[in-house]
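User: I would like to learn how to read a protein model. Could you take me through strands, core and cavity in turn?

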Amino acid sequence: GISVLRMDETGHLSADYLNIYVYQMLGFNTDGAPQRAEDAKDTPYEALFTDALTLVHPDDKGYVRTEFISHKDDKTFTLKPYRMYGKSGSCHWILERVRAGKSSDGRRIFYGAFHDITEEVSLQAQVHEQLEVEKQLRRKADSSNEAKSDFLSRISHDIRTPLNGIIGMTYLAKDEKN
């Protein structure tokens, strides 16, 4: 999805434009969804244009706002993945790449490209879980292997010592017979 955001002097972000793919990405119905702020007046989407961070997860709002403020003079920047709410409260992981500029009224303007990376984040979490399970299994196997080696070492010594005595005594008994 593509957005055009505007930042005022206080650091507040509002949306001037959201293309239809932003709505689709978040699972919203695109029929009649406004793409420009002026078309959003008196619609359920008005809050989204008034505060561009409306759908950002509360735990990530501070990070996103801080990134826009701290990078307002950079030409481009990329935000680390953050969460946005979609239709019916579903959470989507978003990777956003931003190009910054200035509008004719002197305000900072940002052109954002959104990518839904929810599936990638989910797969990474599954891989991480699998790696943790493998680490635990490896530790268990290593521990078992050490116990087995220790057991064989002790049992070998415990059997070899008396056997050497028996073999030695047998040899001496055989020698005395001759």
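**Reading the strands, the core and the cavity**

Analyst: Begin with the strands: β4 and β5 pair in the antiparallel sense over nine bridges. Keep in mind that this is a predicted model.

User: What lies between β4 and β5 in their hairpin?

Analyst: Five residues separate the two strands of this hairpin, and Gly 106 in the turn has a positive phi of about 90°. To follow the pairing itself, look for bridge partners: Gly 101 has Ile 109 of β5 as its partner.

User: In which sense do β3 and β4 pair, and over how many bridges?

Analyst: β3 and β4 pair in the antiparallel sense, over eight bridges. One pair to find is Tyr 85 with its bridge partner Cys 91 in β4. These strands also form a hairpin with five residues between them, where Ser 88 takes a positive phi near 55°.

User: Which residue of β5 is the bridge partner of Ser 3?

Analyst: That partner is Gly 112. The strands β1 and β5 pair in the antiparallel sense over six bridges.

User: Now the core. What is the general idea?

Analyst: In soluble globular proteins, nonpolar side chains tend to be buried together. Here is the case in this model. The largest nonpolar core has 29 residues, and those with the most contacts inside it are Leu 13, Phe 68, Tyr 82, Met 84 and Phe 110. At least two residues of this core come from each of β1 (2-7), β2 (13-18), α1 (20-25), α3 (46-50), α4, β3, β4 (91-102) and β5 (108-116).

User: Which element gives the largest share of this core?

Analyst: The largest share, four residues, comes from β3.

User: What is Phe 68 in contact with, leaving aside its neighbours within four places in sequence?

Analyst: Phe 68 is then in contact with Leu 5, Met 7, Leu 13, Phe 77, Leu 79, Glu 96, Val 98 and Phe 110.

User: How many cavities of 30 Å³ or more are there?

Analyst: The count is one cavity of 30 Å³ or more. About 130 Å³ of space lies in the largest cavity. To read a cavity, ask which residues line it. Here the lining has 15 residues, and Leu 5, Leu 18, Ala 52, Met 84 and Phe 114 lie nearest the centre of the cavity. Two or more lining residues come from α4 (58-70) and from β3 (76-85).

User: How does that lining divide into nonpolar, polar and charged residues?

Analyst: The lining of the largest cavity has 14 nonpolar residues, no polar residues and one charged residue. Met 84 is a residue to revisit: Met 84 is among those with the most contacts inside the largest nonpolar core, and Met 84 is also among those nearest the centre of the largest cavity.

Conventions: Residues are numbered from 1 along each chain as its sequence is written. This is a predicted model: local features need pLDDT of at least 70, side-chain atom pairs count only at pLDDT 80 or more; totals for chains, interfaces and linings use all residues. Side-chain values use heavy atoms; hydrogens and water are left out. On a 1 Å grid over the protein atoms alone, a cavity is a set of points where a 1.4 Å probe fits but cannot get out, and a pocket is an open set with protein on both sides within 12 Å along at least five of seven lines; lining residues have an atom within 4 Å of a point. Grid points are joined across faces, edges and corners, and a volume is the space filled by probe spheres set on the points. Ala, Val, Leu, Ile, Met, Phe, Trp, Tyr, Cys and Pro count as nonpolar, Asp, Glu, Lys and Arg as charged, and the others, Gly among them, as polar. A nonpolar core is a set of buried Ala, Val, Leu, Ile, Met, Phe, Trp, Tyr and Cys residues joined through side-chain atoms within 4.5 Å. Buried means under 20% relative accessible area, exposed over 50%, partly exposed in between (1.4 Å probe, protein chains only). Contact means heavy atoms within 4.5 Å. Two strands pair if DSSP finds at least two bridges between them.
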